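Please look through the sequence and the 3D structure below before reading on. The paragraphs that follow lead through the domains, the surroundings of the ligand and a few annotated residues, one topic after another.

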Amino acid sequence: MSEGSQGRVRDIVIVGGGTAGWMAAAALSKLLTREYSIRVVESEEIGTVGVGEATIPMIKLFNNALEIDENDFIRQTKGSFKLGIEFVDWGRLGETYIHAFGKIGQDLGMVPFYQYWLKMRQAGKAAPLDEYCITAWASRHNKFMRAMPERPNSPLADIAYAYHFDASLYARYLRGYCEARGVVRTEGKVVDVQLRGEDGFVESVQLESGERIGGQLFIDCSGFRGLLIEQALKTGYIDWNEWLPCDRAVAVPCASDRALTPFTRCTARESGWQWRIPLQHRVGNGYVFASRFISEDEATAKLLANLEGEALAPPRVLRFVAGKRRKFWNRNVVAMGLAGGFMEPLESTSIHLIQSAIARLTAFFPHAGFDQADIDEFNAHSDFEYDRIRDFLVLHYKATARDDSAFWNHCRTMPIPDSLQRKIDLFRTSGRVFRENNEMFTEMSWVQVMLGQGIAPRGYHALVDIYPEARITEYLDSVRHVIGNCVEAMPSHDAFIARYCAID
Ligand code: FAD
């Protein structure tokens, strides 16, 4: 492909109107001038995957960029707030930990807070890590409030959070946003894709009605089937099942009359794990499992037996292969969402991956035509992001002492990627962990999950010893005390929602 080939991009065709399609359309309609036409083709008959209800804090940046009013957004999507994820029974049966968003403690000197905590914990003189983290501690007490930047020296100044929402209402919300900005929606099933003879670029998609929709840039948001990226361009898929053994999920919503928890719960089960996502009108539940170890019927029966309220719809089984496309951008097709890859919902990363693909596309946008150097760079960044998230997810399966089922025996003893092994080894010796090249999960995420899964470092950072132990104890106590007081003063999650964004 020559530099700037295929002329200027003017017509953008997005195939698929699930979360990925509407997020892409919303962002592009906000960021691009009206010279560009944006069209979303979707088929109600095919429908969307209908899951994807827990997010991570970066989604706030997306909503802010779209200038979405947060209270209205929560109300319209019947959502709730999320301060982190509670993991139950992962390291060992009976153990629980929280992977909370945001900061832990308050750094002292040049060394991160958790290093001081490690020293004192090894000496048996520190409380659990949760008690030094405002979002973890608030989760434990079902409390929530937004940050108060006007109190810069308080932990209340920095409360990182995300959302739980109803996936179908989210797509509807974004569709309204897009249509108000001139995005054209076409209802119809794509039955054929026309490729240009000279370079194999996608020229148009053909609907069942016979209509052909042409464009210069195509965004494939058609879900697992990858209508353009795979079925038309045969890009190929890298399968990570050897490291991420789950390949099915069964999902069912249920009623709840309990308090709304400001966190997602992931409970490890015999052959996978179960999610619980609290929304205002229902609770989303699902059992993600490995079909090598449990049948669909058994998994469905286990999920139904573990619901906390009456099922509100029949259970639905979804099949997937954990992995990613060989190229996310191939010729004039960029794959986003499930069309690009899927790594299971354990850390709620998929919607974020849509968001970062959109950000990357805007950074490499082919205004003046397609340039292979840009495409290669886009793909290299996407690969790095996927590979690092994969490692973080594999960590949850690998670092376990569970030996009560064939599934956990497999996970505990399976080989893992070298990049993950290096991280685990480094943490085990010195408690050190580094965020490389702006990878998505921060040091704090790695630390919480490694500790939570039972990886105990043998040492701690040497610079911690420049402070006398009494000084460190005093410092830890004061952080814990201040966080405790802040959480005490916060409203309950229910009360916060009732005040600002409850549904009628
Ligand atoms: P889909 O929702 O499948 O949308 C595909 C679109 O393409 C639809 O509009 C469909 O009609 C259209 N389409 C397909 N074929 C054609 C055709 N021939 N003609 C016309 N239109 C067509 N992510 C998170 O971030 N957090 C979570 O908690 C989470 N949980 C998940 C749980 C499970 C079990 C699974 C499987 C996924 C989960 N995800 C989660 C991922 C999340 O659901 C997806 O990333 C997100 O919904 C985006 O999906 P999508 O838009 O790519 O695909």
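A residue is called near a molecule when its C-beta atom, placed from the backbone, lies within 6 Å of that molecule. The model shown here is a predicted one, and with this cut-off in hand we can begin with the ligand, around which there are 38 residues, those that come nearest being Gly 16, Gly 18, Gly 52, Gly 223 and Gly 337. Two or more residues of this shell come from each of the elements α1 (19–31), β2 (37–42), β13 (248–254) and α9 (350–363), and it is α1 that gives the most, with 3 residues. Sorted by class, the shell around the ligand holds 18 nonpolar, 16 polar and 4 charged residues.

To place this shell in the chain as a whole, it helps to know the domains. The domain assignment divides the chain into domain 1 (11–53 + 166–238 + 323–370), domain 2 (90–158 + 401–494) and domain 3 (251–319). The shell around the ligand draws at least three residues from domain 1 and at least three from domain 3. The centres of domain 2 and domain 3, taken over C-alpha atoms, are separated by 27 Å, and the contact between these two domains takes 12 residues from domain 2 and 11 residues from domain 3. On the side of domain 2 that touches domain 3, the elements giving two or more residues are α5 (134–140), α11 (406–413) and α15 (493–500), and by class this side of domain 2 has 6 nonpolar, 5 polar and 1 charged residues.

Next come the annotated positions. In an unreviewed entry, the UniProt annotation "binding site" covers Gly 17, Gly 18, Thr 19, Ala 20, Val 190, Leu 338 and Ile 351. These residues do not all gather at one spot, because they span 335 residues in sequence and the farthest two of their C-alpha atoms are 24.0 Å apart.

Two of the residues covered by this annotation, Gly 18 and Leu 338, can be followed further. Gly 18, which is also among the residues that come nearest to the ligand, is found in the loop between β1 (11–15) and α1. Is Gly 18 buried or exposed? A residue counts as buried if 20 or more other C-beta atoms lie within 10 Å of its own, and Gly 18 has 25 such neighbours, so it counts as buried. Once its neighbours within four places in sequence are left aside, Gly 18 is in contact with Thr 48, Val 49, Ala 171, Cys 221, Gly 223 and Gly 337. Leu 338, for its part, lies in the loop between β20 (333–335) and β21, and Leu 338 is buried too, with 25 other C-beta atoms within 10 Å. With neighbours within four places in sequence again set aside, the contacts of Leu 338 are Ala 20, Val 49, Gly 223 and Phe 224.

The strand β21 that follows this loop belongs to an open sheet of 3 strands, whose order is β12-β18-β21 and whose pairing is antiparallel. Since β12 (237–239) and β21 (341–342) stand at the edges, each with a single partner strand, one side of each is left without a neighbour in the sheet. Strand β18 (residues 323–325) and β21 run antiparallel and are joined by 2 bridges, and the bridge partner of Lys 324 in β21 is Gly 341.

A last stop is Lys 82, where UniProt, in an unreviewed entry, places the feature "active site" and also the feature "binding site". Lys 82 is located in strand β3 (residues 80–82) and counts as buried, because it has 30 C-beta neighbours inside 10 Å. Beyond its neighbours within four places in sequence, Lys 82 is in contact with several residues, including Ala 54, Tyr 161, His 164, Pro 262 and Phe 263. Leu 83 is placed in the loop between β3 and β4 (84–88), and Leu 83 likewise counts as buried, with 30 C-beta neighbours inside 10 Å. Among the residues that Leu 83 touches, not counting those up to four places away in sequence, are Ala 100, Phe 101, Tyr 161, Pro 262 and Phe 263. How far apart in sequence and in space are Leu 83 and Pro 262? In sequence Leu 83 and Pro 262 are 179 residues apart, while in space they are 5.8 Å apart, C-alpha to C-alpha.

Key:
Residues are numbered from 1 along each chain as its sequence is written. This is a predicted model: local features need pLDDT of at least 70, side-chain atom pairs count only at pLDDT 80 or more; totals for chains, interfaces and linings use all residues. UniProt positions are given in the numbering used here, feature names are shortened, and annotations may be inferred rather than shown by experiment. Helices (H or I, at least four residues) and strands (E, at least two) are DSSP runs, numbered from the N terminus. A residue is buried if 20 or more other C-beta atoms lie within 10 Å of its own, exposed if 12 or fewer, and partly exposed in between; C-beta atoms are placed from the backbone. Two residues are in contact if their C-beta atoms, placed from the backbone, lie within 7 Å. Two strands pair if DSSP finds at least two bridges between them. Ala, Val, Leu, Ile, Met, Phe, Trp, Tyr, Cys and Pro count as nonpolar, Asp, Glu, Lys and Arg as charged, and the others, Gly among them, as polar. Domain bounds come from an automatic or database domain assignment.
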